[in-house]
Structures are given as structure tokens and as C-alpha cells.
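Please open the model in your viewer and keep the selection tool at hand for the stops that follow.

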Amino acid sequence: MNESARATLDLATGFGEVLESWARKFNHTKSDETEAIASCLRLVGEQLSLATTEGYSCLPLSALQSTLTGETIAGIRAKLLASKLVGTPMQTPAKPLILDDSDRLYLYRHFEQERRLARRLVERAQSPRPQILDSARFRECLDADFGSASPTGSGAAPDWQRIAVAQALFNPMTFISGGPGTGKTRTAAQLIDCMLRLRPNTRIALAAPTGKAAARLRDALSPDSKKIDAFTLHRPVSYTHLRAHETDSY
């Protein structure tokens with residue numbers, strides 16, 4: 001086991017032991033039930049720590065059944081809620097761990113971050129649609145990147161990349177998904193080209209999970225769009241986080 005893996009395992013073990021200790025502290029009566037709850041919380045804490053280290057925001061209780069042999073999801077849920085360290089989303093005051101109605105366990109911080117993100121996405125989706133004032137220019141932009149659209153009833157397969165770009169131009173928020181090699185990067189580059197043709201003063205930020213992905217996105221841009229930089233997600237997220245703290249300080 002390498003040093004990084006050992007550190008990850010040590011962190012998970014330590015987190016589990018802390019939760020076990022707290023469970024005994026908050027359940028003052030020493031009994032078999034208290035010991036069962038504390039033991040359960042230790043194992044759950046270890047698995048939750050490992051899951052968050054791997055990039056997951058939560059841990060489904062179904063993933064614990066192989067670790068907690070003989071336990072049902074309902075039984076695990078009951079022990080967690082009885083520990084006084086795990087609460088539900090609407091419970092006040094908030095607990096260090098949150099267990100939602102779909103049996104997903106979160107660290108409180110990650111639960112709040114996910115809830116804020118969901119709220120912002122809903123707000124964004126409900127915001128006014130961008131106005132495309134010149135429909136002829138809109139079609140011209142699409143044709144420049146994708147060629148003329150196939151006539152209705154021709155039997156040709158739909159050009160999903162063209163459709164994705166058109167949807168993104170008409171909606172305040174669009175998700176474009178697909179497996180490796182399905183053209184997501186090319187579609188994003190074509191979307192940017194169309195946006196700049198239709199609205200030259202549009203402010204555009206490009207971000208990707210890794211530096212390599214950001215470089216691929218930048219390389220896919222047309223010469224006219226090369227002035228737009230692409231960077232990893234950490235940069236805009238860190239900036240937003242900093243601005244939020246500055247706002248909170250006033």
C-alpha cells in the first residue's frame with residue numbers, strides 16, 4: 001500500500017473512531033444497544049470518509065450492507081438516527097451527518113453545498129430565456145457549423161449536435177451529456193462560435209474538471225474564439241467562494 005492510500009485509510013479509520021466515541025458520549029446509558037449504535041457509526045464513518053475522498057458527496061446506505069453483515073437498510077437507518085449524531089434534512093438544530101429520505105448519508109457540509117447548488121440550478125433554469133432577435137441569422141449561424149438542416153421527412157437521422165446547440169442558445173441552462181467520443185467538446189466549441197456570432201459581447205467562461213480537459217476544450221475552439229481562456233473548475237469555484245466570504249463579511 002502506497003503512502004497516499006495509507007493516509008486515506010488512516011483518515012477514514014480516525015473519523016470512524018471519533019464518531020464511535022461521540023456516539024458513546026451522547027448516549028449516556030451503557031448498554032448493548034449503545035454499543036451496537038457506536039460500532040455501527042464507526043464502520044459507517046469509515047466508509048463515508050472513503051467515499052468523500054473518492055469524490056462522492058454522499059454514501060447510499062445500500063453500499064453498507066456488505067460492510068455491516070446481516071443489517072438491513074432500515075436497521076442501519078434506525079441505528080444512525082438513534083446515535084444523536086445523524087439528523088434528517090429538516091431537523092433543527094442540524095446534526096454533523098445528514099440522512100435524507102432516499103437513505104443517502106452526507107456530511108452536513110456536503111449536504112448544504114449540494115442543496116445550495118440545486119437551488120441555484122433551479123433558479124437558473126427558471127430565469128428568462130435569451131432573446132434571439134434575428135431568426136434568419138440564427139439559422140445562418142447553425143448552418144455555418146453544421147450545414148443546412150435536413151428536410152423534414154427525409155429519413156435522415158437527426159443531427160443531435162445541431163439540436164443541442166440550438167437548445168442551448170434558446171434556454172438559460174442546458175446540460176449536454178454523452179459518453180467518450182460522442183462529440184461533447186466539439187459541440188461546446190460550436191456553441192461558443194454561434195453565441196459569439198449572434199451576440200459578440202457575450203461573456204464566456206470555460207471550465208473543465210482537469211487541466212488536460214481544459215486544454216482540449218481550448219484547442220477545439222475556432223481561431224476567432226481562441227482569445228477565450230479555459231481553466232479547471234477549481235479556479236471559478238475558488239473565486240466564487242472568495243467572493244461569497246467577502247459578501248458575508250459586510
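Begin by selecting R162, which counts as buried with a relative accessibility of 10%. Bear in mind throughout that this is a predicted model. Now add D143 to the selection, because D143, at 25% relative accessibility, counts as partly exposed, and show the side chains of both residues: they form a salt bridge in which the closest N and O atoms are 2.9 Å apart. D143 belongs to helix α5 and R162 to helix α6, so this pair ties together parts that lie 19 residues apart in sequence.

Next, extend the selection to the whole of helix α6, residues 160-170. Its buried residues are Q161, R162, A164, V165, A166, A168 and L169, and these pack against α5 (135-146) and α7. To look at the α7 side, select T187, which lies in that helix and, at 2% relative accessibility, counts as buried. Leaving aside residues up to four places away in sequence, T187 touches Q161, A164, V165 and I176.

From here, move on to L221, in the loop between α8 (211-220) and β6 (230-232). Is L221 buried or exposed? With a relative accessible area of 4%, L221 is buried, and its C-alpha atom is separated by 7.9 Å from that of I192, although the two residues are 29 apart along the chain. For another loop, select R203, between α7 (184-198) and β5 (206-208); R203 is exposed, with a relative accessible area of 84%. The C-alpha atoms of R203 and I228, which are 25 residues apart along the chain, are separated by 9.4 Å.

Now turn to the sheet. Select β1, β4, β3 and β2, which follow one another in that order in an open sheet of four strands with mixed pairing. The strands β1 (59-60) and β2 (86-87) stand at the edges, each with a single partner strand, so one side of each is left without a neighbour in the sheet. Between β1 and β4 (residues 104-107), which run antiparallel, there are two bridges, and L59 can be found opposite L105 in β4. Helix α2 (residues 32-53) packs on this sheet and touches β1, β2, β3 (97-99) and β4, with its direction at about 75° to that of β4.

While the sheet is on screen, select R77 and D103, which form a salt bridge with the closest N and O atoms 2.7 Å apart. R77 lies in helix α3 (residues 73-82) and D103 in the loop between β3 and β4, so the pair ties together parts that are 26 residues apart in sequence. Of the two partners, R77 counts as buried at 18% relative accessibility, whereas D103 is partly exposed, at 21%.

The last stop is helix α1 (residues 3-26), where you can select W22, a partly exposed residue with a relative accessible area of 38%. Together with V18 and F26, W22 makes a nonpolar surface patch of about 250 Å². In this helix, also select E20 and R24, which are four residues apart and therefore separated by about one helical turn; their side chains meet in a salt bridge (3.2 Å, N to O). E20 counts as buried at 14% relative accessibility, while R24, at 35%, counts as partly exposed. Finally, add E35, R42 and E46, since salt bridges link these residues with E20 and R24 in a network. In the model as a whole, the count comes to twelve salt bridges.

Technical notes. Residues numbered from 1 in each chain as written. Predicted model: local features only at pLDDT ≥ 70, side-chain atom pairs only at ≥ 80, totals over all residues. Heavy atoms only, no water. Buried < 20%, exposed > 50% of the residue type's maximum accessible area, 1.4 Å probe, protein only. Contact = heavy atoms within 4.5 Å. Patch = residues over 30% accessible without salt bridge, like charges linked within 9 Å, V, L, I, M, F, W, Y side chains within 5 Å. Areas by Shrake-Rupley, 256 points an atom, 1.4 Å probe, with all protein chains shown as cover. Salt bridge = Lys/Arg side-chain N within 4 Å of Asp/Glu carboxyl O. Pairing = 2+ DSSP bridges. Axes fitted to C-alpha atoms, helices over the stretch in contact; angles between N-to-C directions.
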